[in-house]
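Biologist: Hello! I am new to this structure and would like to learn how to read a few of its features. Could you show me the model and walk me through it?

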Amino acid sequence: MSSVASVHSLWTVAAGAPGKIPAPHIEYTELSPTLIVLGAAVIGILIEALVPRRNRYYSQLLLSLVALAAAFAAVIGLAAGGFGSSKAHIAAMGAVAVDGPALFLQGTILLVSLIAVFTFAERRLDPAAHGNRVDSFAAQPAAVPGGPAEQAAVKAGFTTTEVFPIVLFAVGGMLIFPAANDLLTLFIALEVFSLPLYILCALARRQRLLSQEAAVKYFLLGAFSSAFLLFGVALLYGYAGTVGYAGIAEVVSDGAKQIDPALAGTMGNDALLLIGAALVLMGLLFKVGAVPFHMWTPDVYQGAPTPVTGFMAAATKVAAFGALLRLLYVVLPGMRWDWRPVMWGVAIITMLGGAIVAITQTDIKRLLAYSSIAHAGFILAGVIATSEDGVSSVLFYLAAYSFVTLGAFAVVTLVRDAGGEATALSKWAGLGRRSPLVAAVFAVFLLAFAGIPLTSGFAGKFAVFKAAAQSGAGWLVVVGVLSSAIAAFFYIRVIVLMFFNEPKADGPTVAVPSPLTTTAIAIGVTATLVLGLAPQYFLDLAGHAGVFVR
């Protein structure tokens with residue numbers, strides 16, 4: 001009864017002295033990249049509600065491009081102002097870190113998203129339907145696939161312009177995810193970018209049922225992973241009495257010294273720490289597509305609209321690895337000897353599992369999905385290094401990989417037959433003779449995935465393997481090189497299929513894209529070659545951005 005009275009008196013005191021309640025201090029300038037993107041997403045929703053249908057496409061495209069470019073400029077401004085180094089600090093009442101890794105990853109996510117929006121806006125690949133240009137997305141996603149409502153929407157020439165604000169909401173969550181400095185902010189950011197992705201996966205114009213199946217699988221498995229992560233957050237809070245990264249790290253490193261005597265009976269239990277950390281790591285490893293949490297990846301990559309697959313494969317990996325790095329390097333450095341052996345095992349089975357299973361694939365999107373699983377293993381080798389070189393090598397690899405991935409999926413959208421995209425590998429036979437330029441561009445991306453010298457893939461792999469070797473993980477590097485050799489087999493097999501096999505008479509054609517997709521592919525090729533031929537400037541940039549604020 002006395003506790004109820006004391007709580008009541010606290011409420012009374014608080015209400016009677018409003019001037020004594022501290023107002024939250026929010027650094028709007030440091031949070032401006034995220035605020036610009038989320039603000040534009042809200043405006044995009046209003047455009048959908050208020051602007052006539054015929055004007056929405058151009059309004060949404062212009063708004064998305066301007067918002068992402070402005071947010072990228074804001075990131076550059078913050079980095080130039082020293083917020084990535086000397087002025088790095090914790091903002092938003094301890095919820096968000098503004099430091100080198102956060103700004104580097106946010107800049108990468110924004111550039112990737114800007115290029116991805118070009119592929120989302122492409123409307124020249126499919127033949128015009130009833131006199132109207134169409135894109136990759138369902139005319140009316142709420143309609144039953146193949147039903148009269150959908151047929152009427154197709155006939156009327158509807159396009160799903162809601163994809164642009166949905167993408168902006170996803171990008172907003174991705175910007176917060178690697179910068180989150182407490183576990184609740186991490187979880188909220190995870191949901192903010194996951195829910196829009198579940199929706200985007202279900203919106204394919206062709207193969208509607210496959211697309212919806214992919215979205216349901218992603219949603220259900222994503223819900224399980226989110227539940228694991230949230231349960232882990234609860235256990236870590238029970239262990240440390242705080243959800244802030246710095247507070248948990250202090251209790252992990254100093255133990256009993258940091259525990260409040262009043263809570264000593266429940267806090268500091270190592271079982272809570274170990275189980276909680278394992279569950280949070282499971283949630284993050286699901287997002288990066290590491291084995292054994294990878295089962296959603298091939299089905300979702302295959303079923304989702306290809307522009308969404310490219311965006312998801314590139315941007316989600318950048319955001320998720322950023323969050324994983326911050327958790328391991330800022331929250332759990334005191335548990336290094338506990339999590340390193342586990343991450344060794346995960347990295348090894350991810351590299352080998354992705355590379356070996358990819359050999360058996362007969363669909364180009366599933367092959368690229370297993371390729372992305374193998375690459376998650378290579379990036380984990382840099383994470384395991386637990387050094388500044390490890391952080392900078394992972395940052396560089398993520399930037400290099402994301403441009404190659406976007407370019408590769410943009411090329412996949414061009415190869416089409418009567419049923420839409422021709423993703424069966426057998427249909428790509430002889431593509432190099434029908435369209436030498438498209439096949440050559442795709443070959444460049446495949447060689448980069450394989451880690452062939454003079455491509456960005458080689459520079460990235462060399463950086464992460466070097467960091468891992470210097471930290472004593474030599475055997476991990478051996479497994480990584482072996483996995484790369486296995487992976488090179490199926491990449492080169494596709495190149496041989498394109499250039500040295502006879503084209504089939506009823507084979508697919510290569511659609512002529514608009515300048516939007518052409519620009520996306522050109523940027524991908526340029527980034528792949530520049531980061532491969534002259535990587536030092538970008539490695540130095542990642543090196544300067546490799547220090548977390550604590």
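Modeller: Gladly! Let us start with a term: a salt bridge is a side-chain nitrogen of Lys or Arg within 4 Å of a carboxyl oxygen of Asp or Glu. Please keep in mind that this is a predicted model.

Biologist: What is the general idea behind such pairs?

Modeller: Side chains of opposite charge can pair when their charged atoms come close. Here, Glu-502 and Arg-433 form a salt bridge through their side chains, at 2.6 Å from N to O. Glu-502 sits in the loop between helix H19 (474–500) and strand S5 (509–510), while Arg-433 belongs to helix H16 (residues 431–434), so the pair ties together parts that are 69 residues apart in sequence.

Biologist: Are Glu-502 and Arg-433 buried or exposed?

Modeller: Glu-502 counts as exposed, with a relative accessibility of 57%. Arg-433 is partly exposed, its relative accessible area being 44%.

Biologist: How many salt bridges does the structure hold?

Modeller: There are 7 salt bridges in the structure. Another one joins the side chains of Lys-217 and Glu-213, at 2.8 Å from N to O. These two residues are 4 apart in helix H8 (residues 208–240), so about one helical turn separates them. Lys-217 is partly exposed at 29% relative accessible area, and Glu-213 is partly exposed at 38%.

Biologist: Which residues do salt bridges with shared partners join into one network?

Modeller: That network is made up of Glu-213, Lys-217, Asp-299 and Arg-366.

Biologist: And where is Gln-302 found?

Modeller: Look for Gln-302 in helix H11 (residues 296–303). Gln-302 is partly exposed, with 22% relative accessible area. Leaving aside neighbours within four places in sequence, Gln-302 is in contact with Leu-210, Asp-363, Lys-365 and Arg-366. Ala-214 is 88 residues from Gln-302 along the chain, yet their C-alpha atoms are separated by 7.8 Å.

Biologist: Back to the salt bridges. Which partner does Arg-56 have?

Modeller: The side chain of Arg-56 meets that of Glu-48 in a salt bridge, with 3.7 Å from N to O. To read burial, use this cut-off: a residue under 20% relative accessible area is buried. Arg-56, at 15%, is buried, and Glu-48, at 14%, counts as buried too.

Biologist: What about Lys-461: which side chain of opposite charge is nearest?

Modeller: That is Asp-389, but it is 20 Å away; Lys-461 is buried and has no salt bridge. Lys-461 lies in helix H18 (residues 456–470). Apart from neighbours within four places in sequence, the residues in contact with Lys-461 are His-375, Phe-378, Tyr-397, Phe-449, Ala-450, Gly-451 and Ser-484.

Biologist: Now for helix packing. At what angle do the axes of H4 and H12 cross?

Modeller: For a pair of helices, we compare the directions of their axes, and angles over 145 degrees count as roughly antiparallel. Helix H4 (residues 100–120) and helix H12 (residues 306–331) have axes that come within 9 Å and cross at roughly 170°. H4 and H12 are therefore roughly antiparallel to each other.

Biologist: Which residues meet there?

Modeller: On the H4 side they include Leu-105, Ile-109, Val-112 and Phe-120, and on the H12 side they include Val-308, Phe-311, Val-318 and Arg-326. The residues of this contact divide into 14 nonpolar, 4 polar and 1 charged.

Definitions and conventions:
Residues are numbered from 1 along each chain as its sequence is written. This is a predicted model: local features need pLDDT of at least 70, side-chain atom pairs count only at pLDDT 80 or more; totals for chains, interfaces and linings use all residues. Side-chain values use heavy atoms; hydrogens and water are left out. Axes are lines fitted to C-alpha atoms, for helices over the stretch in contact, and angles run from 0 to 180 degrees between N-to-C directions. Angles under 35 degrees count as roughly parallel, over 145 as roughly antiparallel, 65 to 115 as roughly perpendicular and the rest as oblique. Contact means heavy atoms within 4.5 Å. Ala, Val, Leu, Ile, Met, Phe, Trp, Tyr, Cys and Pro count as nonpolar, Asp, Glu, Lys and Arg as charged, and the others, Gly among them, as polar. Buried means under 20% relative accessible area, exposed over 50%, partly exposed in between (1.4 Å probe, protein chains only). Lys and Arg count as positive and Asp and Glu as negative; His and the chain ends are not counted.
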